[in-house]
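Several labels in a structural description rest on a cut-off, and it helps to see each label set against its definition. Please go through the terms that apply here and say what supports each one.

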There are 4 protein chains.
Amino acid sequence: MNFKTYIEATGKRAVQLAMIADQVSKDSGVTIAVAPQFTDLKSVTEAVEIPVFGQHIDPIKPGAYTGHILAEAVKAAGASGTLLNHSERRIKISEIEEALSLARVSDLATLVCTDTPGVSAAVASLNPDMIAIEPPDLIGTGVAVSKARPELITNAIKRIRSVNNSVDILCGAGVSTAEDVGKALELGTQGVLVSSSVVKGPNPGQLLENMTDEILRSK
Amino acid sequence: MNFKTYIEATGKRAVQLAMIADQVSKDSGVTIAVAPQFTDLKSVTEAVEIPVFGQHIDPIKPGAYTGHILAEAVKAAGASGTLLNHSERRIKISEIEEALSLARVSDLATLVCTDTPGVSAAVASLNPDMIAIEPPDLIGTGVAVSKARPELITNAIKRIRSVNNSVDILCGAGVSTAEDVGKALELGTQGVLVSSSVVKGPNPGQLLENMTDEILRSK
Amino acid sequence: MNFKTYIEATGKRAVQLAMIADQVSKDSGVTIAVAPQFTDLKSVTEAVEIPVFGQHIDPIKPGAYTGHILAEAVKAAGASGTLLNHSERRIKISEIEEALSLARVSDLATLVCTDTPGVSAAVASLNPDMIAIEPPDLIGTGVAVSKARPELITNAIKRIRSVNNSVDILCGAGVSTAEDVGKALELGTQGVLVSSSVVKGPNPGQLLENMTDEILRSK
Amino acid sequence: MNFKTYIEATGKRAVQLAMIADQVSKDSGVTIAVAPQFTDLKSVTEAVEIPVFGQHIDPIKPGAYTGHILAEAVKAAGASGTLLNHSERRIKISEIEEALSLARVSDLATLVCTDTPGVSAAVASLNPDMIAIEPPDLIGTGVAVSKARPELITNAIKRIRSVNNSVDILCGAGVSTAEDVGKALELGTQGVLVSSSVVKGPNPGQLLENMTDEILRSK
């Protein structure tokens with residue numbers, strides 16, 4: 001679950017939201033990871049046991065890089081992984097490779113966001129731990145993956161599998177209901193990346209429960 | 001004191017370094033602010049009483065900005081100010097103005113870095129709280145401001161004062177010894193911005209003491 | 001007149017459009033400059049006598065900068081000036097200063113675009129030849145400067161004049177009719193920066209004539 | 001041959017240099033393409049018969065993109081192809097895919113630069129016409145590919161061929177003599193991408209002749 005820079009997931013509210021996810025994960029047995037802002041990483045990792053991810057790291061080693069995000073610092077704050085190349089924070093292909101390498105050195109799991117089937121295959125050839133496919137047609141348009149053309153996801157999966165058999169694939173857009181989660185799994189993904197529907201919704205705990213129920217049903 | 005992304009100032013070592021600065025500041029009565037990485041902001045603000053600054057904020061309001069730095073989040077982590085436009089993290093002029101406005105809304109003091117006299121004057125017209133002049137000839141070249149041509153600083157001060165009488169002016173490059181601090185004050189600045197000389201030096205506490213002694217002597 | 005990357009102003013159509021502007025300028029005696037794409041600069045400068053501007057230059061000297069825009073190359077193509085920091089091609093404040101310096105060396109006139117009063121004053125302190133104010137409320141919203149709150153322009157002019165008495169000031173947004181041109185001049189600007197209304201309009205020559213008539217009337 | 005923004009390959013000197021390459025190509029029967037600056041594209045394409053490439057295109061369609069490079073405009077200037085993602089002009093992976101698609105629509109051949117084996121494979125999965133491998137260890141360090149560790153190139157070729165059998169592969173760094181050209185072909189590349197050694201050398205025509213001789217010998 002990506003906290004983005006929503007005010008509903010900033011500071012104390014980031015810790016509260018992470019604790020809700022922690023509880024749902026423990027109750028259901030379904031893995032839920034949270035990705036709060038950098039400033040909240042330490043408070044969140046101290047409050048929960050589920051995996052905590054950074055939202056980005058820069059392709060830099062320790063040094064004179066004021067205002068940048070160092071893999072070692074994300075790790076020192078207790079995170080166990082990081083997002084990379086989110087549609088709101090795209091980086092260059094050489095930077096993705098360098099950041100993947102730096103994340104591995106700091107023992108951070110990596111989840112790289114992609115958009116089209118071609119870009120998904122390109123990223124898959126760099127061997128990240130996870131890929132979250134965010135088809136442009138599904139991002140922020142309110143179009144549910146359960147109702148949109150399923151080939152947007154299945155084509156990307158096919159292209160990824162042609163170069164990489166082991167990477168975990170998530171559906172990263174068009175998921176806002178339990179029904180969408182079920183559809184994403186049915187299409188062949190191993191999970192989903194959610195954000196505003198939970199973070200800004202009226203009852204994050206209830207929605208997460210509905211989603212984990214759907215995941216258990218789908219297995 | 002800018003911690004940059006030096007490994008000597010990451011995680012627990014960021015807290016230790018901030019505590020040293022805190023002690024020197026209390027002993028000397030001289031104001032010292034520290035600017036750790038975002039991931040260390042909360043731990044540092046909980047450990048010290050001196051002002052803590054972020055190293056950067058993005059010109060964004062709460063929302064869908066994965067991997068970005070929100071003024072409200074920096075404030076929620078306990079910081080009382082932020083650097084902006086550091087030579088290692090330059091932003092556009094419209095972004096500086098927007099970030100200054102957002103910082104004010106979040107009650108964060110602002111320190112904007114500049115390089116030439118012209119850019120210093122341009123930034124001064126946007127009314128930040130502080131400006132740190134980093135003449136390109138002095139950045140990372142090991143050239144001490146005490147030995148370089150003093151007009152690099154005095155010209156910038158003159159241009160700044162032609163448009164802004166109240167902004168505090170710091171010397172942001174070429175400062176690595178107590179002698180450099182004295183020279184910077186003599187040239188008409190109100191303080192200095194230091195980094196590697198202290199952070200990566202053999203004895204940060206001793207160097208900070210020497211610098212604050214020099215500041216007290218200069219008054 | 002900014003040709004942007006409109007297909008109606010690309011290749012041969014760039015030359016045709018520039019020739020229309022050339023004719024209207026000669027007939028009316030009103031100065032009209034055109035800013036075609038880099039690839040069309042040479043053909044356009046060979047076809048017309050009015051001033052031809054580049055749309056941007058990079059803050060670089062001759063050297064290893066593949067894919068960048070060199071001031072000397074823009075000059076060699078026959079241009080007499082360049083736009084800088086257009087809202088669609090923002091650059092950093094240090095880059096604006098460096099580009100202004102490089103343009104002067106290559107004897108290119110400079111027109112820097114700005115948005116708010118604060119940014120306009122900041123840029124004015126760098127002494128460009130011209131500033132085009134593009135208030136965010138007027139850009140691409142179809143709001144005519146003649147109908148919008150006039151203080152958007154007058155406040156920017158006031159801030160610019162507080163630091164710079166000689167720079168020419170243009171109104172760079174919300175101008176699509178002769179009436180808008182008249183209003184812009186009335187507010188205290190020395191001219192306007194137009195684009196889509198002429199480039200993509202049904203009759204560029206007629207609209208330019210109406211605008212130059214209005215300028216002559218306003219004098 | 002990449003003209004970069006060298007002053008020796010700007011304006012009239014770009015045309016002269018292209019004419020030298022044109023003559024060597026005709027005399028030897030070896031294909032040589034030239035990539036001058038955008039402002040020189042039209043003059044160069046009018047003066048020579050060899051393929052002329054742009055140095056970059058932006059991932060944009062015709063529209064409001066002041067200061068950007070439109071595929072249609074590069075084509076209209078007579079170019080038959082474009083470089084993409086040069087080490088001096090890196091773009092994001094999604095932008096590479098979009099630019100490749102736009103280049104195809106405008107009937108421009110594509111040559112994408114890459115650095116490591118991983119990035120080379122990633123780009124290869126996007127199906128450009130050509131890839132130029134620029135191993136970081138060979139870029140601008142004066143290290144000849146003929147003397148450096150050959151696995152820098154052969155590993156990249158192996159990774160590329162694992163996902164793409166048809167793309168042409170060029171050696172894009174460490175090539176400044178005829179001997180380097182021979183070594184590059186021997187390692188399994190189909191050609192080379194040269195720049196400063198020819199552009200800034202004392203006798204471009206002679207060096208190009210030596211290089212084409214070496215290519216003919218290697219066949």
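The questions and answers below take up the chain as a whole, the relation between the copies, and then some single residues and one helix.

Q: What kind of model is this, and how are its parts numbered?
A: This is a predicted model, in which local features need pLDDT of at least 70 and side-chain atom pairs count only at pLDDT 80 or more, while totals for chains, interfaces and linings use all residues. Residues are numbered from 1 along each chain as its sequence is written, chains are lettered from A and ligands numbered from 1 in the order in which they are written, and side-chain values use heavy atoms, with hydrogens and water left out.

Q: Why is chain A called as compact as a globular protein of its length?
A: The secondary structure of chain A comes to 9 helices and 6 strands, where helices (H or I, at least four residues) and strands (E, at least two) are DSSP runs numbered from the N terminus. The radius of gyration of chain A, taken over C-alpha atoms, is 16 Å, and the globule rule (2.2 Å times the number of residues to the power 0.38) gives 17 Å for 219 residues, so the chain is as compact as a globular protein of that length. Along its principal axes, the C-alpha trace of chain A spans about 50 × 40 × 30 Å.

Q: How do you know what share of chain A is buried?
A: A residue counts as buried under 20% relative accessible area, as exposed over 50% and as partly exposed in between, with a 1.4 Å probe and protein chains only; by that standard, 62% of the 219 residues of chain A are buried. In chain A, 61% of the contacts (heavy atoms within 4.5 Å) with a separation of 6 or more join residues 24 or more positions apart.

Q: What makes the copies A and B related as by a two-fold rotation axis?
A: Chain B is superposed on chain A by a rotation of 180 degrees with 0.0 Å of shift along its axis, at an RMSD of 0.0 Å, the fit being by least squares on the C-alpha atoms of residues with pLDDT of at least 70 in both. The two copies are thus related as by a two-fold rotation axis. Of the residues of chain B, B:Thr39 comes closest to that axis, with its C-alpha at 2.5 Å.

Q: Why can chains A and B be said to meet through the same surface?
A: They can because 100% of the interface residues of chain B are also interface residues in chain A.

Q: How do you know which relation holds between chain A and chain D, and what of chains A and C?
A: A turn of 180 degrees and a shift of 0.0 Å along the axis lay chain A on chain D with an RMSD of 0.0 Å, and the same surface serves both copies, given that 100% of the contact residues of chain A recur in chain D. By contrast, no contact joins chain A and chain C, whose closest C-alpha atoms lie 16 Å apart. Chains B and D are likewise joined by no contact, and their closest C-alpha atoms lie 16 Å apart.

Q: Why is C:Glu186 called exposed?
A: The relative accessible area of C:Glu186 is 60%, which is over 50%, so the residue is exposed. C:Glu186 lies in helix 7 (residues 178-186) of chain C.

Q: What makes helix 7 of chain D mostly covered?
A: In helix 7 (residues 178-186) of chain D, 7 of its 9 residues are buried, among them D:Val181, D:Gly182 and D:Leu185. What covers the buried residues includes strand 5 (168-171), strand 6 (191-192) and helix 9 (204-218) of chain D.

Q: Why is B:Asn127 called partly exposed?
A: B:Asn127 has a relative accessible area of 44%, between the 20% and 50% limits, so the residue is partly exposed. B:Asn127 is found in the loop between helix 5 (117-124) and strand 4 (130-133) of chain B, and has a positive phi of about 60 degrees although it is not a glycine.

Q: Why is D:Leu108 called buried?
A: At a relative accessible area of 3%, D:Leu108 falls under 20% and is therefore buried. D:Leu108 lies in the loop between helix 4 (93-105) and strand 3 (109-114) of chain D, and, leaving aside neighbours within four places in sequence, its contacts include D:Ala71, D:Val74 and D:Asp129.
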